[in-house]
Each structure stands twice: as C-alpha cells, then as structure tokens.
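Colleague: I'm still new to reading protein models, and I'd love a slow walk through one part of this one. Could you take me in close and then show me how that part sits in the rest?

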Amino acid sequence: MLQHCVLLSLRDPDNLSALVEPMALISGLVDKLSGVLSVTHGPNIDLEGKSKLFQYGFIVTVSDEAGLADYAPHPDHQKAAAMLIAACEGGADGILVADIRCG
C-alpha cells in the first residue's frame, strides 16, 4: 500500500468552503477506481507546531504504484487539483506532496 499525503497552504485559511468540491471529487474516487482504498481529510491541528503554513491536508491510500498511476490522471483528480491549486498560496507551490509506502 501507498499513502499519498497532501498538505495545503491556503490563500484564505479561514474559508474552507473552497475545499468542499475538490475534496468531494477526490473522495469519490474510492468508488470509481479499484486501486483507491480510502481518502481522509481535514484541518491540520499542528500539535507539534511544525507545519503551521499548511492549514489543511488529505491522505489517499492506494493499493500500489498502479493505483496511484490510475489516480493521478483521472479527470476528477485533475479537476480537484486545479481547484486546490487556485485555493493555495502561491498556487502549486502551496501544495506539499509525499508518497509513503506502508503496510
């Protein structure tokens, strides 16, 4: 399994309504792509005080590299990505992505 971890530095951190549609699109991929196992998302509570620039995040758990390869070009992911880029400070530079092998 892989976890595709994404942290967002939002242009307007007090307006999470801009994330409703893109997160619904990404979450919907669980039902559309067999390699997408789960999606979790929410505000970053930054308990250690190390990521205050990133106010929101999500994790997409995929079965393997093939699952991630199917996820990336999917039209719903592409639409959500464009919305997230528009919502982030500095556009794509306001998005941090890490892919972690687990399990």
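Modeller: Here is a close look at one histidine and its surroundings, followed by the wider picture.

Keep in mind that this is a predicted model. The part I'd pick is His74, which sits in the loop between helix 3 (65–71) and helix 4 (75–87). Is His74 buried or exposed? Its relative accessible area is 17%, and since anything under 20% counts as buried, His74 is buried.

What does the side chain of His74 do there? One of its polar atoms lies 3.0 Å from the backbone nitrogen of Asp76. Now skip the neighbours within four places in sequence and see what else His74 is in contact with: Leu29, Lys32 and Leu33.

Let's follow one of those partners, Leu33. You'll find Leu33 in the loop between helix 2 (29–32) and strand 2 (36–43), so a loop residue is meeting a loop residue here. Leu33 is buried too, with a relative accessible area of 14%. Again leaving out neighbours within four places in sequence, Leu33 is in contact with Asp70, Tyr71 and His74. Try a contrast on your screen: Leu33 and Gln55 are 22 residues apart in sequence, and their C-alpha atoms are 28 Å apart in space.

There is another histidine to visit, His77, in helix 4. His77 is buried, and its relative accessible area is 15%. The side chain of His77 reaches the backbone oxygen of Ala72 at 2.7 Å. Beyond the neighbours within four places in sequence, His77 is in contact with Leu29, Tyr71 and Ala72. Leu29 should ring a bell, as it was among the contacts of His74, and Tyr71 was among those of Leu33.

Tyr71 is also our way into the middle of the protein. The largest nonpolar core has 21 residues, and those that touch the most other members are Leu8, Leu19, Ile26, Val36, Phe58, Val60 and Tyr71. Strand 1 (2–8), helix 1 (20–27), strand 2, strand 3 (56–62), helix 3 and helix 4 each supply at least two residues of this core. Strand 3 gives the most, with four residues. As a general point, nonpolar side chains in soluble globular proteins tend to be buried together.

Click on Ile26 next. Not counting residues up to four places away in sequence, Ile26 touches Val39, Phe58, Val60, Tyr71, Ala80 and Leu84. Ile26 belongs to helix 1, where Pro22, Met23, Leu25 and Ile26 are buried. Why do these line one face of the helix? Looking down the axis of helix 1, the buried residues fall within an arc of 155°, so they sit along one face. The cover over them includes helix 2, strand 2, strand 3, helix 3 and helix 4.

Over in strand 2 there is Gly42. Gly42 is buried, with a relative accessible area of 16%. Leaving out residues up to four places away in sequence, Gly42 touches Tyr56 and Gly57. The C-alpha atoms of Gly42 and Phe58 are 6.5 Å apart, although the two residues are 16 apart in sequence.

Two loop residues are worth a quick stop as well. Asp46 is in the loop between strand 2 and strand 3, and its phi is near 45°, a positive value in a residue other than glycine. In general, most residues other than glycine have a negative phi. Pro13 is in the loop between strand 1 and helix 1, and it is partly exposed, with a relative accessible area of 36%. Pro13 and Glu89 are 76 residues apart along the chain, yet their C-alpha atoms are separated by 9.6 Å.

Now zoom out. The protein chain has four helices and four strands, running β-α-α-β-β-α-α-β from the N terminus on. For 103 residues, a compact globule would have a radius of gyration near 13 Å, and the chain has 13 Å, so the two agree. Its C-alpha trace spans about 35 × 30 × 20 Å along the principal axes. Of the 103 residues, 38% count as buried, and His74, where we began, is buried. Finally, take the contacts between residues at least 6 apart in sequence: 74% of them join residues at least 24 apart.

Methods:
Residues are numbered from 1 along each chain as its sequence is written. This is a predicted model: local features need pLDDT of at least 70, side-chain atom pairs count only at pLDDT 80 or more; totals for chains, interfaces and linings use all residues. Side-chain values use heavy atoms; hydrogens and water are left out. Buried means under 20% relative accessible area, exposed over 50%, partly exposed in between (1.4 Å probe, protein chains only). A polar contact is a pair of N or O atoms within 3.5 Å; within protein, one must be able to donate a hydrogen and the other to accept it, and residues adjacent in sequence count only if both atoms are side-chain atoms. Contact means heavy atoms within 4.5 Å. A nonpolar core is a set of buried Ala, Val, Leu, Ile, Met, Phe, Trp, Tyr and Cys residues joined through side-chain atoms within 4.5 Å. The radius of gyration is taken over C-alpha atoms; the globule rule is 2.2 Å times the number of residues to the power 0.38. The arc is that of the directions from the helix axis to the C-beta atoms.
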